[in-house]
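How do the terms used for a protein model follow from the values computed on it? The questions and answers after the structure take up that matter.

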Amino acid sequence: MEFELIAKTFMGLEPVLAKELTQMGANNVQIGRRMVSFTGDKETMYRANFQLHTAIRILKPIAKFKARSADDVYEEIQKIDWSKHIEEGKTFSVDSVVYSEEFRNSRFVTYKVKDAIVDQFRQRTGKRPNISVSNPDIRLNIHIAEYDCTLSLDSSGESLHRRGYRQESVEAPLNEVLAAGMILMTGWQGETDFIDPMCGSGTLVVEAALIARNISPGVFRKNYAFEKWPDFDQELFDHIYNDDSNEREFNHHIYGYDIDMKAVNTARLNVRASGLTKDITIEQADFKDFKKPENKSILVTNPPYGERISTPNLLGTYKMIGERLKHQFMGNEAWVLSYREECFDQIGLKPSIKIPVYNGSLECEFRKYAIFDGSLKDFRQDGGVVKSDDEKRQMAEKNRFKKNREFKKRLDEDGSQDTDDIRSYTFKNHFAHTEERNDDRKRKRTASFNDRDDKRGGRSFERGGKAFSGKGKDFNRKGKSFERTDKRGSKNFGRNSANFIDHDD
């Protein structure tokens with residue numbers, strides 16, 4: 001049975017996420033603001049959480065209604081049979097997102113939804129479910145745009161950008177979802193070497209390795225909210241988790257550099273936690289000493305903006321970036337994410353495309369620079385491409401920046417990118433109910449990876465081990481091996497226990 005789903009993302013990444021969903025096999029893919037709606041079955045929902053690189057959260061709408069007061073919200077929530085979603089003894093939480101003159105306080109909406117659910121259980125059973133903010137069994141999301149309300153089950157739980165490999169971070173770390181979106185925007189899939197000369201904690205290089213090998217980012221996750229749903233299908237999810245049939249070889253290399261030795265050490269720690277040390281090299285180096293790479297390469301970087309990270313000479317840094325690219329990166333592509341126009345001006349190179357994207361609430365641009373030696377005419381005669389047909393189409397769109405800027409005020413008020421905006425999406429009138437309980441398939445599991453080896457067909461995360469297995473090959477990765485046999489269910493992702501502390505930064 002197909003039902004409707006919503007994948008949340010950052011402003012500017014919606015087309016990238018839509019493409020990911022289409023390639024994954026989702027149906028009725030429709031782009032909105034900071035979200036992409038689609039339809040699919042339970043397997044689609046599980047795969048969306050596990051496989052998508054650019055989704056923050058996957059929501060499953062269960063009701064849509066209009067409400068002109070808090071009492072209306074209460075009455076509509078009471079119409080839902082909550083015994084289908086919340087089992088006796090289970091806890092739940094409610095997250096409210098409100099864009100309405102009528103409902104100015106999202107917390108008040110949250111309380112009304114909670115009261116309606118608790119009162120229904122009291123009336124029917126004499127018992128009430130408990131509220132848990134930190135680790136609920138069932139997570140709910142209510143979105144109100146003026147009088148239009150959408151109530152959804154949150155299938156993800158913790159934001160999907162928290163992959164699980166980041167052990168430490170530097171100041172102002174790049175969000176994993178944004179990093180993956182940037183790489184996918186370039187069109188790079190591992191065909192060349194990859195360079196980040198200002199790698200910070202290593203987010204871009206790790207996400208690049210996952211994309212190059214087509215490894216699902218969910219492989220590091222400890223759990224998902226849907227695993228606590230009454231209809232959770234353990235066998236189906238185990239199949240998805242252990243399926244590595246689409247993973248591929250990567251015959252090039254990824255390089256990360258940073259001038260700060262603390263950042264270098266942090267990046268190395270995160271790379272080791274990801275089990276991808278064979279593919280990634282992290283070294284201390286100043287970008288001003290950058291030399292032309294031996295092999296064809298793409299450079300993607302996120303220099304300081306002067307907002308959360310300051311440098312003694314911010315404009316001088318960007319001037320140096322332009323100088324290094326012009327003289328030492330001929331014949332290659334460079335992509336730079338930044339915030340200030342005066343910084344881009346200092347690069348001194350003409351970008352072939354500018355893509356508006358938000359980093360938190362900052363209205364940034366992701367610019368591509370095709371670096372060539374000699375004249376543009378000669379470059380094109382030799383078969384060089386400055387702009388692809390798709391990039392020409394994007395640049396030709398009228399008001400492409402203005403449309404994003406209209407949303408900036410709301411972002412500033414919001415203070416967070418992890419909030420869905422589904423005002424632009426019209427839901428169908430039907431909503432699927434959850435399927436029958438499947439208690440015999442439910443998996444009891446702790447937050448530890450120790451239990452995964454016997455529950456997931458042998459794909460174990462042994463805390464004391466140092467093996468990261470990979471299909472048909474044995475890759476020694478500085479003390480870790482990446483070894484996968486052709487048999488499903490013999491994957492071994494052994495890592496040290498210290499490698500799976502998920503920080504909140």
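The following exchange sets computed values against the definitions of the terms.

Q: What makes the numbering and the values interpretable?
A: Residues are numbered from 1 along each chain as its sequence is written, and side-chain values use heavy atoms, with hydrogens and water left out. The model is predicted: local features need pLDDT of at least 70, side-chain atom pairs count only at pLDDT 80 or more, and totals for chains, interfaces and linings use all residues.

Q: Why is Cys343 called buried or exposed?
A: Buried means under 20% relative accessible area, exposed over 50%, and partly exposed in between, with a 1.4 Å probe and protein chains only. Cys343 has 0% relative accessibility and therefore counts as buried. Cys364, at 2%, also counts as buried.

Q: How many disulfides does the rule give?
A: A disulfide is a pair of cysteine sulfur atoms within 2.5 Å. By this rule the count is zero.

Q: Why is Arg324 classed as buried or exposed, and what is it in contact with?
A: Its relative accessible area is 10%, so Arg324 is buried. Arg324 belongs to helix H9 (residues 314-328); helices (H or I, at least four residues) and strands (E, at least two) are DSSP runs, numbered from the N terminus. Contact means heavy atoms within 4.5 Å. Leaving aside neighbours within four places in sequence, Arg324 is in contact with Phe287, Lys288, Asp289, Phe290, Lys291 and Phe329. The C-alpha atoms of Arg324 and Asp289 are separated by 8.1 Å, although these residues lie 35 residues apart along the chain.

Q: How do you know whether the length of H4 agrees with its expected span?
A: The expected span of a helix is 1.5 Å times one less than its number of residues. For the 20 residues of H4 (residues 106-125) this gives 28 Å, and the end C-alpha atoms are 29 Å apart, which agrees. Buried residues of H4 include Val109, Val113, Ile117 and Phe121. Among the elements covering the buried residues of H4 are helix H3 (70-78) and strand E5 (91-99). Gly126, with a positive phi near 80°, follows H4.

Q: What makes E10 and E11 a pair, and in which sense do they run?
A: Two strands pair if DSSP finds at least two bridges between them. Strand E10 (residues 254-258) and strand E11 (residues 280-284) are joined by five bridges and run parallel. Ile280 in E11 is the bridge partner of Ile254.

Q: Why is the unit of E10, H8 and E11 called right-handed or left-handed?
A: A crossover is right-handed if, with the strands pointing away from the viewer, the path from the first strand over the helix to the second runs clockwise. E10, helix H8 (residues 261-274) and E11 make a right-handed β-α-β unit.

Q: Why do E11 and E14 stand at the edges of the sheet?
A: The open sheet has seven strands in the order E11-E10-E9-E12-E13-E15-E14, with mixed pairing. E11 and strand E14 (353-359) each have a single partner strand, so one side of each is left without a neighbour in the sheet. The twist averages 20° from one strand to the next; axes are lines fitted to C-alpha atoms, for helices over the stretch in contact, and angles run from 0 to 180 degrees between N-to-C directions. H8 lies across E10 and E11, at about 165° to E11.

Q: What joins E2 to E3, and in which sense?
A: Strand E2 (residues 27-31) and strand E3 (residues 35-40) pair in the antiparallel sense over three bridges. They form a hairpin with three residues between them, and Arg34 in the turn has a positive phi of about 60°.
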